[in-house]
2 protein chains.
Amino acid sequence: MNAAQLQQRIGHWQARIEAALDRTLAPGDAATGRLNAAMRYSVLGGGKRLRGLLVHVTGEALGAGGTDLDACASAVELIHAYSLIHDDLPAMDDDDLRRGKPSCHRAFDEGTAILAGDALQALAFEVLVTGTRGLPDAARVQLIEALARGIGTQGMAGGQAIDLGAVGRQLDLAGVALMHRRKTGALIETSVALGAISAGCTGGPRYEALRQYGSEVGFAFQIQDDILDVTGDTTVMGKLQGADAAHGKPNYVSAAGLDAARVAARRHRDAALAALVTAGLGDTLLHDMAHFVVDRAH
Amino acid sequence: MNAAQLQQRIGHWQARIEAALDRTLAPGDAATGRLNAAMRYSVLGGGKRLRGLLVHVTGEALGAGGTDLDACASAVELIHAYSLIHDDLPAMDDDDLRRGKPSCHRAFDEGTAILAGDALQALAFEVLVTGTRGLPDAARVQLIEALARGIGTQGMAGGQAIDLGAVGRQLDLAGVALMHRRKTGALIETSVALGAISAGCTGGPRYEALRQYGSEVGFAFQIQDDILDVTGDTTVMGKLQGADAAHGKPNYVSAAGLDAARVAARRHRDAALAALVTAGLGDTLLHDMAHFVVDRAH
């Protein structure tokens, strides 16, 4: 598939993800209007939707295509949005800019931003369970377990804790890798897992290979993020270039250097591609997605 | 059952809840040690465990007694702990004292407190799904749905948003009631629902009556909390007396007066008791629990 075709397919999925999120985020009643507005502000109208894309592309690669995938894609995007809102808070990264507009606590207020993140996490689980009634209950339970594990102390939240503890210190490469695999990699791996489970692939070698693919894609993605943090353009990225260095935060580039980071991004992309071949899905769009993650400029 | 017997039973359940929470909150690995410590600090060693108690007492009233109830009780207590951590943050209620010791962000730091709350929410869902393998998958899915709905914008998080928006304003009684029913009532109602679902009561008139019981008990509980906020003793309560007034926060007493609040607490307790009779469970410990909630001094 050439780049233009891939971009078209991605655009198709992104529109579908946006529409599903819009349906999920009801404006709500007057009493909670500000909270609902903050949730919609932070979720809608932006982002690459990499996590939601991976749900859909994985599901499609395995022959699924139902609305259950919309629920799974919404769930991971809601979780991602919640994590960005909380990461941007003054007590965390203190970022004023997100996706090219004021971060949630700047556009609303800090209390509302904390609550919006909290409510988005709950909504993710609600959507994941209410939007998957077409699947066997055993699969729905597995979806919930995969998501809960992926975002807890052994996953995303644990990664953010490592990140928080690393400010002003220099982590070695193993420390950065652990942080990235949890903070970013775990939710991306979970996205692939949800797509697989929705398609009836709930265990065994193919499932494990797909999780491996997701883990490696996630790691490669974050290394590329670190590269772009140093080399990227603020306007193109929609967030401030050089933010990690400005915040005294270690990342892959500060730990290993730019050239080594570029090599590592490609190496983990290739590990993802190898896992995909193991899964017997080497000729699907998941292959292109792994390249997309590393070749992107924002 | 007399007061001493009731207290003994409650003590038995509280110890069981504490032990289950202790097992659930593993110290974790070194990389996330501070996060895990903050989670344990905020969850263990304190609190009435009303929500966990209601899970167990409801389950027992319906003839259940398995470890599934431990998972459900842990889940609601983890959610409750997360909500207290976030409510205490400077951007929310800015409380320095909780359960007689420094609140989480005072004992640790603000970023860690935000993360601890986030991770506790995820852990609640993880425990609810991994600790209930003895139940049919259909029931497990229903547990997840009940919890997710109970703590989202239509439930606990929505109530906290109303609370946040009400600072410095005087809500009318209907506004206070809506806030209380969501912020406190929804999770207490959910606790009863989880106990019922675990015991195989998953719908129909008895399930609805039990939810009604939980909703009324929750409302009565919060009114009593408001009464104690005005009349209580800081040492006995483990949090500052007069905190609502000091924060400019409306509550039932400021909206209706102390005498009317006392009448209302009893009225909603009686509505809970009536729902219990409808459920055919008027002679169970749930009856005593409704009294306990309103008669307590802390």
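## Working through a predicted two-chain model

**Exercise 1.** In this predicted model, find out how many residues of each chain take part where chain B meets chain A, and which parts of chain B are involved.

*Solution.* Start with the totals: 43 residues of chain B are in contact with 43 residues of chain A. Next, look for elements of chain B that supply two or more residues to that side: they are α2 (33-43), α6 (110-130), α7 (137-151) and α8 (156-166). Of these, α6(B) gives the most, with 14 residues. Finally, sort chain B's side by class, and you get 22 nonpolar, 13 polar and eight charged residues.

**Exercise 2.** Work out how helix α3 (residues 50-61) of chain B runs relative to helix α15 (residues 285-295) of chain B.

*Solution.* First, check the axes: they come within 9 Å and cross at roughly 155°. Angles over 145 degrees count as roughly antiparallel, so that's what α3(B) is to α15(B). Now for the residues: Leu53(B), Leu54(B), Val57(B), Thr58(B), Glu60(B) and Ala61(B) from α3(B) meet Leu285(B), Leu286(B) and Met289(B) from α15(B). Sorted by class, this contact has seven nonpolar, one polar and one charged residues.

**Exercise 3.** Which residues have the most contacts inside the largest nonpolar core? Pick Leu128(A) and list what it touches beyond its neighbours within four places in sequence.

*Solution.* The core has 196 residues, and those with the most contacts inside it are Leu128(A), Ile144(A), Leu128(B) and Ile144(B). Then zoom in on Leu128(A): with those sequence neighbours set aside, Leu128(A) is in contact with Ala71(A), Cys72(A), Ala75(A), Leu143(A), Ile144(A) and Leu147(A).

Definitions and conventions: Residues are numbered from 1 along each chain as its sequence is written. Chains are lettered from A and ligands numbered from 1 in the order in which they are written. This is a predicted model: local features need pLDDT of at least 70, side-chain atom pairs count only at pLDDT 80 or more; totals for chains, interfaces and linings use all residues. Two residues are in contact if their C-beta atoms, placed from the backbone, lie within 7 Å. Helices (H or I, at least four residues) and strands (E, at least two) are DSSP runs, numbered from the N terminus. Ala, Val, Leu, Ile, Met, Phe, Trp, Tyr, Cys and Pro count as nonpolar, Asp, Glu, Lys and Arg as charged, and the others, Gly among them, as polar. Axes are lines fitted to C-alpha atoms, for helices over the stretch in contact, and angles run from 0 to 180 degrees between N-to-C directions. Angles under 35 degrees count as roughly parallel, over 145 as roughly antiparallel, 65 to 115 as roughly perpendicular and the rest as oblique. A nonpolar core is a set of buried Ala, Val, Leu, Ile, Met, Phe, Trp, Tyr and Cys residues joined through C-beta atoms within 7 Å. A residue is buried if 20 or more other C-beta atoms lie within 10 Å of its own, exposed if 12 or fewer, and partly exposed in between; C-beta atoms are placed from the backbone.
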